[in-house]
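The following exercises concern the cross-links and charged pairs of one protein chain. Each task is followed by a solution in steps.

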Amino acid sequence: MARRALTPLQLTATLLLALLATSHAGGIAIYWGQNTGEATLSATCASRRYQFVILAFVFQFGQGRAPRLDLADHCDATSGGCAVLSGDIRACQRRGVKVLLSIGGGVGSYGLSSPADARLVAAYLWNSYLGGTSSSRPLGDAVLDGIDFDIELGGTKFWDNLAKDLKDMGKNAGTAVLLSAAPQCPFPDEWDGGAINTGLFDFVWVQFYNNPECQFSSGRNAFLAAWKQWESVPAGKIFLGLPASKDAASTGFVPAAQLTSQVLPLIKGTPKYGGVMLWSKFYDDSTGYSSAIESHV
């Protein structure tokens, strides 16, 4: 039997529903680089499951320290061995994946002593990984899309200066430098809070794990209260940060079925919802977590 044509009013309603259904569609961000048991960078992007891949970490910088990149046993940055990843980075970008470099981490030696120190670190990041030029580019001549702030040590000052300097360097060169941050879910974040309040961050992937007071296991109300606080910051999109396996964090793991049926429905309709961030590719490979949730994110 032939279907009846929709009336103009019905057609308008259908289009509005479709728009609403897609307006809060999210993506998946994944950290890569801390375990050689994970898929290669090229294979990670070829899976087409991730919108963002965050290379981790530049774990030493600032206060006169020589900057150092650590990608575990994927490559040895000190000998120039990580330049081979340049082709993989460009391949990711051709697939539409944004590739960012994370600075900081839970283990390292970093910090900023002054606005001038922040400017020096920004210049290093710009010339070594972004749109600038340097005789030494640890990841080769590929131009990364931005910098991720995973600040868990090193004091609370001058990260806002670093964010401003990075954005200004990109603007002066006529290109955009994406900025992201990975704060802990207790609000405001002890380390990243001042930088995020600049309004310069495009993405904030909040770590709703290893923080029992605000992760989902603490209850719907506590979780939602924290999420709403994070949506109040002057940033682009907010991502729900989760471990991809029980082994990836001390607390906060949410089984994929529970995430898709109980957690995501609470936040997908919120204005700044951007998707889910996973720690990390190694654990995701062991569980298939991103595959289980990607159609729901």
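**Exercise 1. Examine the disulfide of Cys45 and Cys92.**

Solution. The model is a predicted one, and the solution begins with the sulfur atoms.

Step 1. The sulfur atoms of Cys45 and Cys92 are 2.0 Å apart. A disulfide requires the two cysteine sulfur atoms to be within 2.5 Å, so this pair forms a disulfide.

Step 2. Cys45 belongs to helix H2 and Cys92 to helix H3; the bond links distant parts of the chain, 47 residues apart.

Step 3. The torsion about the S-S bond of Cys45 and Cys92 is about 90 degrees, so the disulfide is right-handed.

Step 4. Buried means a relative accessible area under 20%. Cys45, at 3%, is buried, and Cys92, at 0%, is buried as well.

**Exercise 2. Describe the surroundings of helix H3: which residues are buried, and what covers them?**

Solution.

Step 1. The buried residues of H3 include Cys92, together with Ser86, Ile89 and Ala91.

Step 2. The cover over the buried residues of H3 includes helix H2 (41-46), strand S2 (52-62) and strand S4 (98-105). Helix H2 is also the element that holds Cys45, the disulfide partner of Cys92.

Step 3. After H3 comes Gly96, which has a positive phi, near 90 degrees.

**Exercise 3. How many disulfides does a search of the whole structure find, and what pattern do they follow?**

Solution.

Step 1. The search finds three disulfides. One of them is the bond between Cys45 and Cys92.

Step 2. Another is formed by Cys75 and Cys82, with sulfur atoms 2.0 Å apart. The link of Cys75 and Cys82 has 95 degrees about the S-S bond and is right-handed. Cys75 is buried at 13% relative accessible area, and Cys82 is buried at 0%.

Step 3. Cys185 is joined to Cys214, with an S to S distance of 2.0 Å. Cys185 lies in the loop between strand S7 (178-181) and helix H6 (193-196), and Cys214 in the loop between strand S8 (203-207) and helix H7 (220-231), so this disulfide ties together parts that are 29 residues apart in sequence. The torsion about the S-S bond of Cys185 and Cys214 is about 80 degrees, so the disulfide is right-handed. Cys185 counts as buried at 1% relative accessibility, and Cys214 counts as buried at 5%.

Step 4. With the bonded cysteines counted along the chain, the pattern is 1-4, 2-3, 5-6.

**Exercise 4. Which residue forms a salt bridge with Arg90, and how far apart are the closest N and O atoms?**

Solution.

Step 1. Side chains of opposite charge can pair when their charged atoms come close.

Step 2. The partner of Arg90 is Asp141, and their closest N and O atoms are 2.7 Å apart. The cut-off for a salt bridge is within 4 Å.

Step 3. Arg90 is part of helix H3 (residues 86-94), whereas Asp141 lies in the loop between helix H4 (115-129) and strand S6 (146-151), so the salt bridge ties together parts that are 51 residues apart in sequence.

Step 4. Asp141 is exposed, at 53% relative accessibility, while Arg90 is partly exposed, at 34%.

**Exercise 5. Compare the setting of the salt bridge of Arg119 and Asp165 with that of Lys281 and Asp285.**

Solution.

Step 1. The total count is four salt bridges; this exercise takes up two further examples.

Step 2. Arg119 and Asp165 meet through their side chains at 3.6 Å, N to O. Arg119 is in helix H4 and Asp165 in helix H5 (residues 159-172), so this pair links distant parts of the chain, 46 residues apart. Arg119 is partly exposed, with a relative accessible area of 42%, but Asp165 is buried, at 12%.

Step 3. The side chains of Lys281 and Asp285 form a salt bridge at 2.8 Å, N to O. Both residues lie in helix H9 (residues 281-287), four residues apart, about one turn of the helix. In an α-helix there are 3.6 residues a turn, so residues three or four places apart point the same way.

Step 4. Lys281 is buried, at 2% relative accessibility, whereas Asp285 is partly exposed, at 34%.

Conventions. Residues numbered from 1 in each chain as written. Predicted model: local features only at pLDDT ≥ 70, side-chain atom pairs only at ≥ 80, totals over all residues. Heavy atoms only, no water. Helix = DSSP H or I, 4+ residues; strand = E, 2+ residues; numbered from the N terminus. Buried < 20%, exposed > 50% of the residue type's maximum accessible area, 1.4 Å probe, protein only. Contact = heavy atoms within 4.5 Å.
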